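Student: I have a new structure open and I am not sure how to read it. Could you walk me through a few features, one at a time?

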Amino acid sequence: MHRGRSNSPNADPRVEALACLLVYLDHLVKSTNLILDRDLQPTWRAAGLRYFSYNHALTQRFQCRVQKVSLDAGFTCPNVDGTVAKGGCTFCDNRSFSPSRRLPRADILGQIDQSILRMRNRYKSCNHFLAYFQPATNTYAPVERLRPLYESALSHPQVVGLAIGTRSDCVPNDVLDLLQDLASRTYLSVEYGMQTMHNRSLDWMNRGHDHDSFLEAVERSRGRGFEICAHVMLGLPGESHADMLDTAREVARVNIDSVKIHNLYCVKNTPLADQVAAGEVQLIGRDDYVQTVVDFLEILPPTIVVERISGDAPPDYFIGPDWCLDKSGVKRAIEAEFAQRDSWQGKQYEKKMVCDNASRESSTGERI
């Protein structure tokens with residue numbers, strides 16, 4: 001259960017202060033990826049990083065380089081097939097972000113072998129991989145279909161864990177029980193498409209569920225042994241800078257394990273492509289995006305792993321914005337902005353915790 005502030009008018013402020021402190025301590029100790037040095041500095045900061053990168057987290061866990069290999073198990077989504085909506089998400093063509101959906105589909109083990117072979121040119125020394133069930137909704141099937149797919153991936157000798165992308169409305173309890181069983185035997189990350197905390201934006205993208213659905217799925221996922229990851233999109237139409245930072249505060253409050261952040265980008269043959277062509281939607285600029293990402297990460301606790309900080313698509317599918325095709329340049333710009341501010345992930349979160357505790361200390365007359 002999420003520890004939060006009591007709404008009772010008779011709540012003991014000392015109890016509230018203790019609850020607040022417990023939330024902060026929970027962030028510090030709950031992640032097995034976070035190892036602290038003698039000064040309680042996160043190892044990613046000791047390594048000179050400005051945020052808790054996924055590569056650092058995986059290296060800490062596995063003591064070697066680990067890469068994801070994308071797998072396509074042939075799933076669809078409930079907002080595609082008419083269960084909750086039709087047409088899919090406004091921005092989505094699965095082929096644009098998932099390599100496995102752009103290729104003729106082999107069986108699971110065949111896809112893993114093909115992906116490893118393609119990655120050899122870039123990661124010659126990498127011999128350990130996460131099987132990443134990526135396109136569409138990868139829990140949107142009965143357990144009887146899901147289990148053999150996941151088990152097949154785990155049977156590959158170079159696979160050391162799983163990552164499963166899904167939706168919050170597609171994890172019934174029997175599926176969560178299956179995921180819990182897998183997590184008892186291997187590393188598992190379950191990625192939920194949060195996208196934003198604002199329901200008006202979820203309606204715009206034809207998501208087919210609201211933010212409460214995400215919160216409910218996260219609560220039912222807690223304590224099951226797998227990492228909980230949230231996808232977040234920045235630059236959604238109608239969202240102000242303040243709106244995006246509200247989503248950052250919500251991610252911090254919900255207390256998940258990792259986050260993926262990327263800009264709204266446009267690919268061909270989607271409703272978004274039509275809206276961009278008609279001038280109805282303006283895509284976020286690079287400078288605004290860099291500023292927003294840094295502001296966003298400053299708000300997050302230092303224990304949340306940052307799996308991604310930008311997104312792009314293959315040129316054959318891509319419309320814009322052009323700047324996001326230079327992923328290394330975007331990363332350098334984000335790191336430069338952190339350096340210019342002398343800042344890091346969690347800086348504003350840490351300040352808030354100190355201020356909140358000081359305020360409670362002042363009001364109760366007792367030290368926390």
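Student: Let me start with Asn-255: is Asn-255 buried or exposed?

Tutor: This is a predicted model, so what we read here is computed from it. The general idea is to compare a residue's relative accessible area with a cut-off: under 20% is buried. Asn-255 has a relative accessible area of 9%, so Asn-255 is buried. You will find Asn-255 in the loop between helix 10 and strand 6 (258–263).

Student: What is special about the phi of Asn-255?

Tutor: The phi of Asn-255 is positive, about 70°, although Asn-255 is not a glycine. Asp-342 is another such case, with a positive phi of about 55° although it is not a glycine either. Asp-342 belongs to the loop between helix 13 and helix 14.

Student: Helix 10 came up just now. Which residues does Asp-243 touch, leaving aside those up to four places away in sequence?

Tutor: Find Asp-243 in helix 10, which covers residues 241–254. Leaving out residues up to four places away in sequence, Asp-243 touches His-198, Arg-200 and Gly-238. Its relative accessibility is 14%, so Asp-243 counts as buried.

Student: How many helices and strands should I look for in the chain?

Tutor: Look for 14 helices and nine strands. Seven strands form an open sheet with parallel pairing, in the order 1-2-3-4-5-6-8. To find the edges of a sheet, ask which strands have a single partner. Here they are strand 1 (66–71) and strand 8 (305–308), so each has one side without a neighbour in the sheet. On average, neighbouring strands of this sheet are turned by 25° against each other, direction ignored.

Student: How many bridges join strand 3 to strand 4?

Tutor: Six bridges join the two, with strand 3 (residues 159–166) running parallel to strand 4 (residues 187–195). For one bridge, take Gly-165, whose partner in strand 4 is Glu-191.

Student: Which strands do helix 5 and helix 7 lie across?

Tutor: Helix 5 (residues 108–119) lies across strand 1, strand 2 (128–133) and strand 3, and runs at about 130° to strand 1. Helix 7 (residues 173–183) lies across strand 3 and strand 4, at about 140° to strand 4.

Student: Now the nonpolar core. Which residues touch the most other members of the largest one?

Tutor: A nonpolar core is a set of buried nonpolar residues joined through their side chains. The largest here has 77 residues, and Phe-133 and Leu-179 touch the most other members. Helix 12 gives the largest share of this core, seven residues. Another core of eleven residues lies apart from it, with Cys-89, Leu-202, Met-205 and Met-233 among them. As for Leu-179, beyond residues up to four places away in sequence, it touches Tyr-150, Ile-164, Leu-188, Val-190 and Phe-226.

Student: How many of the residues in helix 12 are buried?

Tutor: Ten of its 14 residues are buried, so the helix is mostly covered. Among them are Tyr-289, Asp-295, Glu-298 and Ile-299. Helix 12 (residues 286–299) reaches 20 Å from its first C-alpha to its last, close to the 20 Å expected at 1.5 Å a residue.

Student: What does Gln-348 touch, not counting residues up to four places away in sequence?

Tutor: Gln-348 touches Glu-298 and Ile-299, both buried residues of helix 12. Gln-348 itself sits in helix 14 (residues 347–364), and at 34% relative accessibility it counts as partly exposed.

Student: How many aromatic pairs does the structure hold?

Tutor: It holds six. To read a pair, look at the distance between ring centres and the angle between planes. Trp-44 and Phe-52 are stacked, 6.3 Å centre to centre with 15° between the planes. For Tyr-289 and Trp-323 the centres are 5.3 Å apart and the planes are at 40°, so that pair is tilted. Tyr-289 lies in helix 12 and Trp-323 in the loop between strand 9 (318–320) and helix 13 (327–341), so the pair ties together parts 34 residues apart in sequence.

Student: Which residues does the cis peptide bond join?

Tutor: The cis bond joins Gly-320 and Pro-321, with omega about 0°. Pro-321 is in the loop between strand 9 and helix 13.

Technical notes
Residues are numbered from 1 along each chain as its sequence is written. This is a predicted model: local features need pLDDT of at least 70, side-chain atom pairs count only at pLDDT 80 or more; totals for chains, interfaces and linings use all residues. Side-chain values use heavy atoms; hydrogens and water are left out. Helices (H or I, at least four residues) and strands (E, at least two) are DSSP runs, numbered from the N terminus. Buried means under 20% relative accessible area, exposed over 50%, partly exposed in between (1.4 Å probe, protein chains only). Contact means heavy atoms within 4.5 Å. Two strands pair if DSSP finds at least two bridges between them. Axes are lines fitted to C-alpha atoms, for helices over the stretch in contact, and angles run from 0 to 180 degrees between N-to-C directions. The expected span of a helix is 1.5 Å times one less than its number of residues. A nonpolar core is a set of buried Ala, Val, Leu, Ile, Met, Phe, Trp, Tyr and Cys residues joined through side-chain atoms within 4.5 Å. Rings of Phe, Tyr and Trp (its six-membered ring) pair if their centres lie within 6.5 Å; planes under 30 degrees apart count as stacked, over 60 as edge-to-face and the rest as tilted.
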